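Me: I would like to go through this model with you, beginning with one charged side chain and then turning to confidence and the core.

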Amino acid sequence: MQEQHPRAEDDFAVAHREWLRERIAHYIGRPVGDDVRLDSEGFDSVAALSLYGDIEEEFGALLEPDDIWAYPTVRGLADFLAMRDARRGSGQVRAAFVFTGQGSQHPGMTSGLYLHSISYRNFLEEADAALLPYTRQSMVELIVSNDTRVHRTALTQPALFAVGYALARTMEEAGVRPVAVLGHGIGEFAAATVAGALTLADAARLVSMRGAFMQRLPPGGAMMAVCITPYEAAELISAEPAVGISAINAARSVVLSGDRAALERVEARLAARGTRCRYLAVSHAFHSPLMRPVVSKFDVVLRRLPGAAARLPFYSTVYGRLATEPLHAPYWTEQITAPVRFADAARSLLTQQAPTHVVEIGPRPVLTPYLWRMGGGPRGPVCLPVCQGPASDAVDLAGVISALDAGPLTAALSGA
């Protein structure tokens with residue numbers, strides 16, 4: 001890891017806060033503190049646009065006008081300016097973590113890492129212990145035994161959560177600190193835990209019950225990937241109330257989800273236009289109208305969940321943007337049926353955080369090609385998965401950590 005100078009970084013951020021406090025005080029006519037909320041201090045759209053002009057004049061193109069509202073306090077906006085300003089010419093690695101969702105699982109996933117990385121083993125066992133009271137099935141045993149039951153939703157979701165959590169904590173222990181997080185579907189729970197919006201214990205409880213509730217739904221649902229725009233998809237399914245858009249992964253990559261018979265009618269209309277579809281290997285129609293019976297049961301589980309805001313920038317695939325509000329119960333119930341707005345959230349992260357690297361956290365790469373294209377291809381951030389697939393081991397992990405300029409590598413390895 002490159003040598004850090006915390007004192008210099010702190011002074012740099014303080015200088016931005018002082019400058020920002022002076023400019024905001026100029027527009028609202030009174031002094032402000034670092035933790036004052038801009039939207040409660042008479043800071044209107046005219047003042048915000050004027051401040052945007054000041055920022056452009058003073059620092060150059062660090063943000064877009066609506067970024068000012070994404071950071072509601074003086075401190076948050078100033079730290080964002082300092083971060084973007086400091087990145088110029090510094091060569092410092094800035095990694096964003098993107099957590100893969102359901103569909104990336106496979107028997108034996110990350111078993112090589114479990115056997116040869118002490119750090120990964122410890123974190124996977126930590127997650128396993130948190131899940132065990134609910135699943136009554138060890139996720140570690142499920143993984144290392146190459147058990148095909150990993151494809152059963154009631155086990156898939158906690159297993160993917162455990163793997164995502166353990167991979168992220170292993171990267172952090174090696175010195176890779178994410179500047180922002182994003183999760184696809186079930187991946188949002190690991191992202192929220194790493195960002196501090198959920199405790200490990202709360203996340204384990206929610207993930208286990210979510211998977212069990214979904215497993216108990218009747219069969220008959222399906223999911224279908226189609227290369228069309230979201231607008232074309234919305235028009236196509238307008239006459240099919242049992243079908244919804246479950247994911248928007250790119251400008252022309254959507255997933256439709258719902259009743260299989262209804263999806264087959266949609267498939268026939270697409271075939272007549274020469275558009276091919278691909279059914280996904282899933283047990284249920286996730287993020288679709290067929291998930292509604294789960295919502296009320298999950299809502300009861302969530303009632304005692306305390307709301308907490310993420311301590312890291314958390315890019316929501318429910319909202320398709322940075323989530324500055326607490327991720328309390330209504331968020332997680334809405335997430336069950338809401339489409340995964342991955343493309344919007346990923347573009348916002350790439351634009352606002354300007355990462356040098358985007359790391360896909362999951363058992364195999366699924367989202368990396370989308371992220372690479374959205375980031376500008378070879379001109380954008382380096383996009384790399386932590387795991388390449390079933391054969392990934394501690395040596396591969398060492399290569400990823402090295403690419404992120406972190407270490408010492410020996411702290412993460414044993415017998416490799």
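**Salt bridges, confidence and core**

Reply: In this predicted model, R149 has a relative accessible area of 33% and is partly exposed.

Me: Which residue forms a salt bridge with R149, and is that partner buried or exposed?
Reply: The closest N and O atoms of the pair are 3.0 Å apart, which joins R149 to D147 in a salt bridge. Because burial here means under 20% relative accessible area, the 18% of D147 places this partner among the buried residues. The residue asked for is therefore D147, and its class is buried.

Me: How far apart are the closest N and O atoms of D299 and R303?
Reply: D299 is partly exposed at 30% relative accessible area, whereas R303 counts as exposed at 62%. The two form a salt bridge, and the distance between their closest N and O atoms is 3.9 Å.

Me: Where is the pLDDT below 50 at the start of the chain, and what is the mean pLDDT of the protein chain?
Reply: Of the chain's residues, 90% reach a pLDDT of 70 or more, but the pLDDT is below 50 over residues 1–9. Where pLDDT is low, the predicted coordinates should not be read in detail. The stretch is residues 1–9, and the mean for the protein chain is 86.

Me: Which helix gives the largest share of the largest nonpolar core?
Reply: This core has 136 residues, and F97, M171, L256, W332 and F342 touch the most other members. Beyond four places in sequence, M171 touches residues including F97, V359 and L404. The largest share, eleven residues, comes from residues 153–173, which form helix α8.

Definitions and conventions:
Residues numbered from 1 in each chain as written. Predicted model: local features only at pLDDT ≥ 70, side-chain atom pairs only at ≥ 80, totals over all residues. Heavy atoms only, no water. pLDDT = per-residue confidence, 0-100. Contact = heavy atoms within 4.5 Å. Core = buried A, V, L, I, M, F, W, Y, C linked by side-chain atoms within 4.5 Å. Buried < 20%, exposed > 50% of the residue type's maximum accessible area, 1.4 Å probe, protein only. Helix = DSSP H or I, 4+ residues; strand = E, 2+ residues; numbered from the N terminus. Salt bridge = Lys/Arg side-chain N within 4 Å of Asp/Glu carboxyl O.
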